[in-house]
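Could you walk me through this structure in the viewer, one selection at a time? I would like to know what to pick next and what is there.

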Amino acid sequence: MKIALLALHFAEYASRLAIALSARHEVLLVLNENNASHELPEDLGAQLSRSVALRSVALPRLREPRLLAVNIAIARILRDFSPEILHIQEYHPAFTGWATLSFRRRIPVILTVHDHIQHSGGIPRDGWKWKVVQWFRLKADRVIVHGPRMRSELAELSGRRAAERIDVIPHGILGRSGIDDDGSR
């Protein structure tokens, strides 16, 4: 199966997921160039290049006119890969929404929600931006969260219809696990 993973944030998490998926599937991973350069350790980057088709994009600020061009470029990258599943790591809908909408009718869209309730400084829950985030969550065929509490809180936020499509998949370990390449600690 061909899986496209659009991860414009959480590069390390998405890279480890892409490597795991590549054991059985053909995987394209699209990363934010800046986020990847800050999060990916060198050894993980090398492992990625051996097993996953990797593309990166440079994201402009939200109010820059280049935003539309970057969205078109992301949609083209995904279209050229012709995935059977599109898996998106939730990020600002101005960047990931275009991809979701362009593939929505053709293939299943899976959304991983890392922060089901926005942090301080995030999108306020009483504004139009929050409604857009909620709308994209409702459009996903499946939603992944990392724990049962997140599932119940997201279900409460999103309603019963969305609750039936939320799956719990534990986050796993990020960073060095404490085990060296030779298996010693």
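Here is a tour that goes from the whole chain to the sheet, and then to some of the helices.

**The whole chain.** Please keep in mind that this is a predicted model. With everything shown as a cartoon, you will find eight helices and seven strands in the protein. Colour by burial next: of the 185 residues, 42% are buried. If you draw the contacts with a separation of 6 or more, 66% of them are between residues 24 or more positions apart.

**The sheet.** Now hide the helices and select the strands. They form an open sheet of seven strands with parallel pairing, and the order across it is S3-S2-S1-S4-S5-S6-S7. At the edges sit S3 (53–57) and S7 (166–168), each of which pairs on one side only. Turn the view to look along the sheet: from one strand to the next, the twist averages 20°.

**S1 and S2.** Select residues 2–7 for S1 and 26–32 for S2. These two strands run parallel and are joined by six bridges. To see one of the pairs, pick Ala-4, whose bridge partner in S2 is Leu-28.

**S5 and its neighbours.** Next, select residues 109–112, which make up S5. Show the side chains: which residues point one way, and which the other? Val-109 and Leu-111 are on one side, Ile-110 and Thr-112 point the other way, and all are buried. Add S4 (residues 85–89), which runs parallel to S5 and is joined to it by four bridges. Thr-112 of S5 is the bridge partner of Gln-89. Then add S6 (residues 142–145), which pairs with S5 in the parallel sense over three bridges. Here Ile-110 stands opposite Arg-142.

**H1 on the sheet.** Bring back residues 11–21, helix H1. This helix lies across S1, S2, S4 and S5, and runs at about 170° to S2. Which of the H1 residues are buried? They are Ala-11, Glu-12, Tyr-13, Ala-14, Ser-15, Ala-18 and Ile-19. Among the elements that cover them are S1, S2, S4 and S5, along with helix H2 (33–39) and H3.

**H1 against H3.** Keep H1 on screen and add residues 42–51, helix H3. The two axes come within 10 Å and cross at roughly 40°, which means that H1 is oblique to H3. The crossing in which H1 passes H3 is left-handed. For the contact itself, show Glu-12, Ser-15, Arg-16 and Ile-19 on H1, and Leu-44, Gln-47, Leu-48 and Ser-51 on H3. Coloured by type, the residues of this contact divide into three nonpolar, three polar and two charged. Glu-12, Ser-15 and Ile-19 also appear among the buried residues of H1.

**H6 against H7.** For the last stop, select residues 128–139 (H6) and 148–158 (H7). How do these two helices cross? Their axes come within 11 Å, at roughly 110°, so H6 is roughly perpendicular to H7. From H6, the contact uses Trp-130, Gln-134, Arg-137 and Leu-138; from H7, it uses Leu-154, Leu-157 and Ser-158. This set divides into four nonpolar residues, two polar and one charged.

How values were computed
Residues are numbered from 1 along each chain as its sequence is written. This is a predicted model: local features need pLDDT of at least 70, side-chain atom pairs count only at pLDDT 80 or more; totals for chains, interfaces and linings use all residues. Side-chain values use heavy atoms; hydrogens and water are left out. Axes are lines fitted to C-alpha atoms, for helices over the stretch in contact, and angles run from 0 to 180 degrees between N-to-C directions. Angles under 35 degrees count as roughly parallel, over 145 as roughly antiparallel, 65 to 115 as roughly perpendicular and the rest as oblique. A crossing is left-handed if the near helix is turned anticlockwise from the far one by less than a right angle, and right-handed if clockwise. Contact means heavy atoms within 4.5 Å. Ala, Val, Leu, Ile, Met, Phe, Trp, Tyr, Cys and Pro count as nonpolar, Asp, Glu, Lys and Arg as charged, and the others, Gly among them, as polar. Buried means under 20% relative accessible area, exposed over 50%, partly exposed in between (1.4 Å probe, protein chains only). Two strands pair if DSSP finds at least two bridges between them.
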